[in-house]
Amino acid sequence: MRVDVLTLFPGIFSGPLDHSILLKAREAGLLTIAVHDLREFAEGKHRVTDEPPLGGGGGMVMKPEPIFAGVEALRERFGPGKAVLLSPQGETLTSSLARRLAPEEHLILICGRYEGVDQRVADHLADLEVSIGDYVLTGGELPALVLIDAVARFLPGVLGDPMASTRDSFEEGLLEAPQYTRPRLFRGHAVPEVLLSGDHAAVEEWRREEALRRTRERRPDLVTRISHKGS
Ligand code: ADE
């Protein structure tokens, strides 16, 4: 998968993409990420990318021209790409949305800043608008990183264990069961006996029950969603 990012702050992306699994995925050629400064696509001596909103009101709004020019240039250079605008108004990022995006060959992520982005970007350029949750961040850069990470886990070959992404929380609509490692007894706290039993069926059964118990306790909304799915 190729991911192009359009941002006013390319520096934010150095670091998170340069470690661990995302670095390995990039080195293995499974994921190519290029970060572009939106200002490069802005015209005029001052390369202005934002202006006060029409109709008044505070703050600044990102102008449409550099964003359209950036997406169009990237599509010309690297082929058709699905343009995703990160914004609090978008569809909420879930495991199933990340899985849906994983087969795409080319994503173009547009990071908003300031008070927002001219609506014509969402209406006439972006294929999809994505939010990472019901809170407002200072910009779309961290959401873009979250989206890249969540999608990368579903790219074939990125996780060492091909089944890992299907065992995680949310994949079956449930949170994950608790995990333990050695020592068996730590500061007086023992690990559940069943995990030491060597009885794989009993371990599986225990994990399923724990996952259900945890989900009921912490995310009853997910349990409701599963029971409605089956009916
Ligand atoms: N930009 C600001 N807040 C955001 C959010 N929650 N999700 C996506 N983009 C954003």
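**Figure 1. Thr 215 and the residues it touches.** Leaving aside residues up to four places away in sequence, Thr 215 touches Gly 173, Leu 174, Leu 175, Pro 220, Leu 222 and Val 223. As you look around this view, keep in mind that the model is predicted. Thr 215 itself is part of helix α7, which covers residues 200-218. Is Thr 215 buried or exposed? With a relative accessible area of 0%, Thr 215 is buried, because anything under 20% counts as buried. Now find the side chain of Thr 215: one of its polar atoms lies 2.5 Å from the backbone oxygen of Ala 211.

**Figure 2. Arg 47 in a loop.** Here we move to the loop between β2 (32-37) and β3 (50-51), where Arg 47 is found. How much of Arg 47 is accessible? Its relative accessible area is 39%, so Arg 47 is partly exposed, a label for values between 20% and 50%. Setting aside residues up to four places away in sequence, Arg 47 touches Arg 39, Glu 40, Phe 41 and Ala 42. Among these, Glu 40 is worth a second look: the side chain of Arg 47 reaches its backbone oxygen at 3.2 Å. You can also find Pro 66, which is 19 residues from Arg 47 along the chain. The C-alpha atoms of Arg 47 and Pro 66 are separated by 8.8 Å.

**Figure 3. The largest cavity and its lining.** How many cavities of 30 Å³ or more does the count give? There is one, and the volume of the largest cavity is about 30 Å³. Try finding the residues that line it: Met 1, Val 3, Leu 31, Leu 107, Leu 109, Leu 147, Ile 148 and Val 151. Which elements each supply at least two residues of this lining? They are the strand β6 (106-111) and the helix α5 (141-152). Of the contributors, α5 gives the most, with three residues. What kinds of residue make up the lining? Eight are nonpolar, while none are polar and none are charged.

**Figure 4. The two domains of the chain.** To finish, let us step back from the close-ups and see how the protein chain is divided. The domain assignment gives domain 1, residues 2-152, and domain 2, residues 169-230. How far apart are the centres of domain 1 and domain 2? Taken over C-alpha atoms, the two centres are separated by 36 Å.

Definitions and conventions
Residues numbered from 1 in each chain as written. Predicted model: local features only at pLDDT ≥ 70, side-chain atom pairs only at ≥ 80, totals over all residues. Heavy atoms only, no water. Helix = DSSP H or I, 4+ residues; strand = E, 2+ residues; numbered from the N terminus. Buried < 20%, exposed > 50% of the residue type's maximum accessible area, 1.4 Å probe, protein only. Polar contact = N/O pair within 3.5 Å; in protein donor to acceptor, adjacent residues only side chain to side chain. Contact = heavy atoms within 4.5 Å. 1 Å grid on protein atoms, 1.4 Å probe; cavity = no way out; pocket = protein on both sides within 12 Å on 5 of 7 lines; lining within 4 Å. Points joined across faces, edges and corners; volume = space filled by probe spheres on them. Nonpolar A, V, L, I, M, F, W, Y, C, P; charged D, E, K, R; others polar. Domains from an automatic or database assignment.
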